[in-house]
Amino acid sequence: MQKADELVFAPLGGVGEIGMNLSVYGYGRERKKSWIAVDLGVSFGGGEDLPGVDLVMPDIRFLLQERKNLLGLILTHGHEDHFGAIIDLWPRIKMPIYATPFTAALFEAKREAEPGAPEIPINVVPLGGTIKLGPFEVEFVSMSHSIPESNALIIKTPLGKVLHTGDWKLDPTPVVGPATDEARLRALGAEGCLALVGDSTNAVREGRSPSETEVAATLAKLIAEAPQRVAVTTFASHVARVRSVAEAAYACGREVVVVGRAMERISQVARETGYLDGIADFRSAQTYGYLPRDKVVCLCTGSQGEPRAALARIAADAHPEIGLTKGDRVIFSSRTIPGNEKVVNRVINGLIGQGVEVITERTHLVHVSGHPRREELTELFGWVKPRVMIPVHGEPLHLAEHAALARKLGVPDVVGCRDGDLVRIAPGPPGIVDEVPQGRLYKDGNLIIEAEARTVADRKRLAFVGVVSVAVALDETGVMAADPEIALIGIPETNAKGRSFAEIVMETVAETVEHLPRARRRDPDSVAEAVRRAVRGGIAASWGKKPLCLVHILTV
Ligand SMILES: [Zn+2]
Ligand SMILES: [Zn+2]
């Protein structure tokens, strides 16, 4: 008997963590499925957890395995956690990419700004458009979010329709771009929705997130009432916020100066795609010095305290064109992403040190999240009425809260899964049926390495225990031909009694070699191992920690 077609889903990133979103949907008979991928994002570097790693990306082994059956990559929107890994990973797989106009234009601008990035074609899909990929028909549905053109996908298959929400919120007045397409989502509910695969980011937060328009009103007041210069920092891709700041500035007769490359780039893309229509041209940083103090608003990059971004340089009084002084006002129209608190505080303290007033979301409604809180999630379940629900885009706590909410609201089947789980959505009772290869890749300088490789683990060990390097020259009888050469890196200079560790290592090496039986001394590997053990032990005896130890034996 021939096996029936099935519809499956597997997250390869972003489920059980925030960032590096990548999902696949498969349709067909067992081992003969066609696949589509949704999003290909990054997580930002690990900082102290992953020293030297700039970006973390999902492993695409599974996509490479299924290369022949992979019909395309669909992008929901242009946030880095959804499209940031394409430039690095697409050349390995070269699948067709589909995105709406703003996402495509933003990607192209980013690619052009990256030296040596390859040509990567994107098929542009109009808002509300539908594409056909093998057994899948994928319809884009507009959702409001913190970037223009966030799309949910209605993935239609012979076994039913899946709503992949992407990142969304309910905002009837989003400042730019269409509001969440309630009518289409209600219609989907009436047609019958098999499964909802949904954004869990804010599932722990009660109520609903305020509108972007309320933030615009607060910004307008804060800018109009500012006695002197105003600088506003926000996420560069947040075009609605950029527009709100510009409108607030022009309303009180101020010019807008754009500072920072990412902000310049997004302004350009937003103008090309019509999202800044009706907004006068921005001024360049060079004009800043000529504008009266009460006639200017700076829009700066650096809301996350990035040390090379505009605001950090301004705070350190090290920006070539932009300076702030006592009486000026800086507004953080952003939220500090967990992990960035230290660097953001450094910038805030630098500004306050210069007598600048700093306003953040702690005291004023100068930022709202782009993700749905519980009332919004509840509303969507009411419209769509899915038979199956799979929480994604979140850490375990967010996923669990989202799942519990769905159960409480009476969704018949809720399937909790993690990166690498293969979920059968239909036919039959939905659930995890298999595993697919999954993992992480690190961007380390110009290279992409596997997370399982020892590179970063070694680097972390080095950071804690330092390294000793020992070179020993032995003659043919196994006697040391000269004093050993040693080097110590990252190890204290002396022990508690004031003896130098260099001396301790020298003595340990000499004694170890002398005490080895003659036969063993002729075997360089054996000598090296004995020296390594002795040196590590010798240092640990007074330091309490064992360093890494590299031993080279030269026979002369
Ligand atoms: Zn997003
Ligand atoms: Zn996201």
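Okay, let's start with a question: which residues coordinate the zinc ion (ligand 2)? There are four to find: Asp 81 through OD, His 82 through NE2, Asp 167 through OD and His 393 through NE2, at 2.1 to 2.2 Å. Before I go on, please keep in mind that this is a predicted model.

So, how are those donor residues spaced in sequence? The pattern reads D-H-x84-D-x225-H. The pair Asp 81 and His 393 links distant parts of the chain, 312 residues apart. Asp 81 sits in helix α2, while His 393 is in the loop between β19 (388-392) and α12 (396-408). And are they buried or exposed? Asp 81 and His 393 are both buried.

What about the geometry here? The angles among the four donor atoms of the zinc ion (ligand 2) run from 87 to 160°, and the site is irregular.

Now, Asp 167 has a second job on this slide. It bridges the zinc ion (ligand 2) and the zinc ion (ligand 1), and those two ions lie 3.5 Å apart.

That takes us over to the zinc ion (ligand 1). Its protein donors are His 77 by NE2, His 79 by ND1, His 145 by NE2 and Asp 167 by OD, and they lie 2.1 to 2.3 Å from the ion. Why do we call this arrangement irregular? Because the four donor atoms subtend angles of 90 to 165°, and to count as tetrahedral all angles would have to lie between 85 and 135 degrees.

Along the chain, the donors of the zinc ion (ligand 1) follow H-x1-H-x65-H-x21-D. His 77 lies in the loop between β6 (70-74) and α2 (80-83), and His 145 lies in the loop between β10 (136-143) and β11 (150-157), so this pair ties together parts that are 68 residues apart in sequence. His 77 is buried, with a relative accessible area of 0%. His 145 has 10% relative accessibility, and that counts as buried too.

Last stop, and we're leaving the zinc ions for this one: Leu 365. You'll find Leu 365 in the loop between β18 (357-359) and α11 (374-384). Leu 365 is partly exposed, at 28% relative accessible area. What is Leu 365 in contact with, leaving aside its neighbours within four places in sequence? That would be Pro 210, Glu 214, Val 215 and Thr 218. Take Thr 218: Leu 365 is 147 residues away from it in sequence, yet their C-alpha atoms are 6.3 Å apart in space.

That's my tour, thanks for listening!

How values were computed: Residues are numbered from 1 along each chain as its sequence is written. Chains are lettered from A and ligands numbered from 1 in the order in which they are written. This is a predicted model: local features need pLDDT of at least 70, side-chain atom pairs count only at pLDDT 80 or more; totals for chains, interfaces and linings use all residues. Side-chain values use heavy atoms; hydrogens and water are left out. Donors are N, O and S atoms within 2.8 Å of the metal (3.2 Å for Na, K and Ca); water is not among the atoms, so sites may look incomplete. Four donors count as tetrahedral if all angles lie between 85 and 135 degrees; four count as square planar and six as octahedral if opposite donors are over 155 degrees apart and all others between 65 and 115; anything else is irregular. Helices (H or I, at least four residues) and strands (E, at least two) are DSSP runs, numbered from the N terminus. Buried means under 20% relative accessible area, exposed over 50%, partly exposed in between (1.4 Å probe, protein chains only). Contact means heavy atoms within 4.5 Å.
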